[in-house]
Amino acid sequence: MSLEIKICGLSTAETLEASLGAGADMVGMVFFAPSPRHVDLATAATLGAQARGRAQIVALTVDADDATLATIIDALRPDMLQLHGRESVERVAAIRARFGLPVMKALGIASAEDLAALAAYEGVADRLLLDAKPPKGAVLPGGNGVAFDWNLIAGLDPARPFMLSGGLDPENVADAVRLIHPPGLDVSSGVERGPGIKDPSRIEAFLRAARAAEAQGSSAPTGDTAPGSAPTPPSPARETSPS
Ligand SMILES: O=C(O)c1ccccc1NCC(=O)[C@H](O)[C@H](O)COP(=O)(O)O
């Protein structure tokens with residue numbers, strides 16, 4: 001299966017169109033009031049209509065209750081829910097059962113111990129989104145443009161249903177693809193020119209770089225991570241400039 005790429009935090013028709021036109025597989029809308037990417041319900045409905053049938057529409061929420069989820073689902077009609085808060089395994093299962101939509105659960109990774117949670121969530125979620133933990137004092141639980149140490153998941157089976165996220169951008173995504181061979185990628189800050197302001201040219205550059213690295217990986221013989229030629233993963237909690 002080919003690499004699935006999600007552009008998250010889209011809030012305008014222009015940048016949504018850039019993502020769809022450049023071949024994004026998934027487009028994400030953020031429903032979290034403190035975020036500069038937050039969309040209201042009316043905007044979400046319009047963006048949803050624009051994207052429907054062209055890419056999977058993902059509604060991102062943070063510890064939302066059932067009533068809030070129902071309102072968002074009614075407006076956006078998403079193909080998938082992304083749960084980016086502290087939702088427990090039981091809560092993820094309950095949301096999936098109640099709303100009948102595939103669920104992607106975001107998990108923060110900072111150390112090898114954090115990988116222990118994957119198995120339990122894999123049992124109830126359709127996908128996992130492996131993200132950096134937010135920096136101390138951060139207002140947002142995600143979308144902070146921070147990468148975690150990719151070496152922590154370099155041995156993860158690419159057949160497992162995960163997306164790599166956190167601090168990806170057009171400049172480092174090829175290294176990430178070569179090292180991790182992830183089945184999916186998710187980006188937000190790295191394709192922005194300022195907080196919440198997506199840049200169509202960076203969206204296109206990201207998709208181009210990721211697809212090129214994927215094509216290279218599938219045509220090249222194995223050994224692209226051989227000693228001496230391995231890409232350098234980011235150091236833990238490296239901050240990338242959103243502009
Ligand atoms: O983007 C937000 O504002 C946001 C707010 C609340 C929870 C999650 C949020 N974003 C998550 C993402 O956009 C991504 O899925 C992921 O965290 C990667 O973000 P980035 O490091 O900015 O590429």
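Which residues does Asp199 touch, not counting residues up to four places away in sequence? In this predicted model, Asp199 makes contact with Val191, Glu192 and Arg193. Asp199 sits in the loop between β11 (197-198) and α7 (200-219), and because its relative accessible area is 12%, under the 20% limit, Asp199 counts as buried.

**The barrel**

Eight strands close into a barrel, and their order is β1-β2-β3-β4-β5-β6-β8-β9, with parallel pairing. From one strand to the next, the twist averages 25°. The table below follows part of this barrel, giving for each pair of strands the number of bridges and one pair of residues that stand opposite each other.

| Strand pair | Bridges | Opposite residues |
|---|---|---|
| β3 and β4 (residues 80-83) | four bridges, parallel | Thr61 and Leu83 |
| β4 and β5 (residues 103-109) | three bridges, parallel | Gln82 and Met104 |
| β5 and β6 (residues 127-132) | six bridges, parallel | Ala106 and Leu129 |

Strand β5, which appears in two of these rows, is mostly covered, since six of its seven residues are buried. To reach β5 from β4, the chain crosses through helix α4 (residues 89-99), and this β-α-β crossover is right-handed. A right-handed β-α-β unit is also made by β5, helix α5 (residues 117-122) and β6.

**Helix α2 and its two sides**

Helix α2 covers residues 41-51, and in this helix Ala44, Leu47, Gly48, Gln50 and Ala51 are buried. These residues lie on the same side of α2, because they cover an arc of only 160° around the axis. A general rule helps in reading this pattern: an α-helix has 3.6 residues a turn, so residues three or four places apart point the same way. On the other side of α2, by contrast, Ala42, Thr46 and Ala49 are exposed.

What covers the buried residues of α2? The cover includes the helices α1 (13-21) and α3 (66-76), together with the strands β2 (26-31) and β3 (56-61).

Both ends of this helix have a local detail that can be found in the structure. At the start of α2, a side-chain oxygen of Asp40 comes to within 3.3 Å of the backbone nitrogen of Ala42, while just after α2, Gly53 takes a positive phi of about 85°.

Notes
Residues numbered from 1 in each chain as written. Predicted model: local features only at pLDDT ≥ 70, side-chain atom pairs only at ≥ 80, totals over all residues. Heavy atoms only, no water. Helix = DSSP H or I, 4+ residues; strand = E, 2+ residues; numbered from the N terminus. Buried < 20%, exposed > 50% of the residue type's maximum accessible area, 1.4 Å probe, protein only. Contact = heavy atoms within 4.5 Å. Arc of directions from axis to C-beta. Polar contact = N/O pair within 3.5 Å; in protein donor to acceptor, adjacent residues only side chain to side chain. Pairing = 2+ DSSP bridges. Axes fitted to C-alpha atoms, helices over the stretch in contact; angles between N-to-C directions. Right-handed = clockwise from strand over helix to strand, strands pointing away.
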